[in-house]
Amino acid sequence: MALLGVLRRWARRITAANAAPVAAPSAPLPLAPPAGGLALALQGGGAFGAFTWGVLERLLEERAFQPLGLTGASAGAVNAVALATGWAAGGAEGARDRLARIWTRVGTAGSGLLGLDLPGAGLARSVGSTAFRLTSRLLSPYQLNPLNLNPLRTILEEELDFTALRRADAPRVVISTTRVRDGRPRLFDNDDIDLDALLASTTLPMLHRAVEIGGEAYWDGGFTLNPPIRPLLPAGSPILLVQALPVGSGETPVTAPAIQARLSQIVFSRALEDEYERADESLARLGRAGALQRLAIDAHAAAALGADGLRADLEHLIALKSLGRAQAESWLAVHG
């Protein structure tokens, strides 16, 4: 009941936060997009971000593809920044390489990224993410991780050149975070995205401490805008929402971990649906009905893989990536 109460409070905060105005990128996006230009909104979802990795890798193989703008939350923010910095450094090949390096290192680090290898995690170190979920209900990251260790910080710091985002030829990027004080979203764009902003967008409060920026504490952007979509409207191009988290549930969950996972899906997906509806309505008013498209993970295929947002081993990530590539191939066959 305590967990359900927490999730209900978050749902109320999400509804209030999404009613707030959303800042646009600091620099305008082109109003006459080139052929092949596409804006991308990338949902977060922990390990499910590897599905988006597969989608992006396949899109980057299209010679005409140009990312005119990217938004993201959590793992979607990592994907957006990785693609943009890689693109600025070496075009499509640079973007593919940057994504592959980050996700391969994430898979190699595995459970360490989730705190399972930290002192005090106890039983969770030996039995995996389910036990860690239970452990984190009793102990906060301030108790489990007194040194505030975060292997993801090292990976992102070593693999990403945030200064590349300031280049004129870098795709425009907007990532979301959630301000702890009032539960409202804060957006960061090319001019102010740095390591702390990106980490803040990925910070689940039961796994890692809040990230402080300018005296404010921030948590995962997926709680409020997962991902932002409206900042992409000025691009004038089609917008593709890559939805990494499964939404539907084939059966009613009956175990405690399954119930918790389903509740989390509902909360994170609600933020997405509210933003999607607002963006779609805005596009219709602009005479651009149909410009917003969705590529959503196949829930049945994900279930067949035993997909888990807290499972970060490389085998699991590669399987999700392959699913993303396959679905992007199907999407391209229809939309070109």
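# A tour around helices H2, H3, H7 and H11

Select helices H2 and H3 to begin, and turn the view until you can follow both axes, which come within 9 Å of each other and cross at roughly 20°. In this predicted model, that angle is under 35 degrees, and H2 and H3 are therefore roughly parallel to each other. If you look along the line of sight that places one helix in front of the other, the crossing of H2 past H3 is right-handed. To see what lies at the contact, show the side chains of Gly49, Ala50, Thr52, Trp53, Leu56, Glu57 and Leu60 on H2, together with Ala75, Asn79, Leu83, Trp87, Ala92, Ala95, Arg96, Leu99, Ala100 and Trp103 on H3. Colouring these residues by character will give you 12 nonpolar, 3 polar and 2 charged ones.

**One residue on H2**

Keep H2 on the screen and select threonine 52, which is found in this helix. Is threonine 52 buried or exposed? With a relative accessible area of 0%, threonine 52 is buried, because anything under 20% counts as buried. If you leave out residues up to four places away in sequence and ask the viewer what threonine 52 touches, you should find Leu42, Gln43, Asn79, Val242 and Ala244.

**From H2 to H11**

Next, add helix H11, residues 314-335, to the picture beside H2, residues 49-60. Which angle do H2 and H11 make where they pack? The angle is about 45°, and the axes lie 6 Å apart; H2 and H11 are therefore oblique to each other. Their crossing is right-handed. On the H2 side of this contact, select Ala50, Phe51, Trp53, Gly54, Val55, Glu57, Arg58 and Leu59, and on the H11 side select Leu317, Ile318, Leu320, Lys321, Leu323, Gly324, Arg325, Gln327, Ala328, Glu329, Trp331 and Leu332. The residues of this contact divide into 12 nonpolar, 3 polar and 5 charged.

**The start of H3**

Now hide H11 and move to serine 74, which sits in the loop between strand E2 (66-73) and H3. Check its backbone angles, and you will find a positive phi of about 55°, although serine 74 is not a glycine. Serine 74 is also buried, with a relative accessible area of 8%.

A short step along the chain brings you to glycine 76, which is found in helix H3 and is buried, with a relative accessible area of 0%. Setting aside its neighbours within four places in sequence, you will see glycine 76 in contact with Leu42, Gln43 and Gly44. For a distance to try in the viewer, pick the C-alpha atoms of glycine 76 and serine 176: these residues are 100 apart in sequence, and 9.7 Å separates them in space.

**From H3 to H7**

Follow H3 onward and bring in helix H7, so that you can compare the two axes, which come within 10 Å and cross at roughly 155°. That angle makes H3 roughly antiparallel to H7. H3 passes H7 in a right-handed crossing. Show Val78, Arg98, Arg101, Ile102, Arg105, Val106 and Ala109 on H3, and across from them Leu152, Thr154, Ile155, Leu156, Glu158 and Glu159 on H7. Sorted by character, the residues of this contact are 7 nonpolar, 1 polar and 5 charged.

Stay with H7, residues 151-159, and colour it by accessibility: which of its residues are buried? They are Leu152, Ile155, Leu156 and Glu159. They cover an arc of only 90° around the axis, which puts them on the same side of H7. On the other side of H7 you will find Glu157 and Glu158, which are exposed. The buried residues of H7 pack against helix H3 (75-109) and helix H8 (195-201).

**A cis bond in a loop**

Leave the helices and select proline 227, placed in the loop between strand E6 (216-220) and strand E7 (239-243). The peptide bond that joins asparagine 226 to proline 227 is cis, with omega at about 0°.

**The whole chain**

Finally, zoom out until the entire protein chain is visible, with its 11 helices and 8 strands. Of its 336 residues, 54% count as buried. Among contacts between residues at least 6 apart in sequence, 76% join residues at least 24 apart.

Notes:
Residues are numbered from 1 along each chain as its sequence is written. This is a predicted model: local features need pLDDT of at least 70, side-chain atom pairs count only at pLDDT 80 or more; totals for chains, interfaces and linings use all residues. Side-chain values use heavy atoms; hydrogens and water are left out. Axes are lines fitted to C-alpha atoms, for helices over the stretch in contact, and angles run from 0 to 180 degrees between N-to-C directions. Helices (H or I, at least four residues) and strands (E, at least two) are DSSP runs, numbered from the N terminus. Angles under 35 degrees count as roughly parallel, over 145 as roughly antiparallel, 65 to 115 as roughly perpendicular and the rest as oblique. A crossing is left-handed if the near helix is turned anticlockwise from the far one by less than a right angle, and right-handed if clockwise. Contact means heavy atoms within 4.5 Å. Ala, Val, Leu, Ile, Met, Phe, Trp, Tyr, Cys and Pro count as nonpolar, Asp, Glu, Lys and Arg as charged, and the others, Gly among them, as polar. Buried means under 20% relative accessible area, exposed over 50%, partly exposed in between (1.4 Å probe, protein chains only). The arc is that of the directions from the helix axis to the C-beta atoms.
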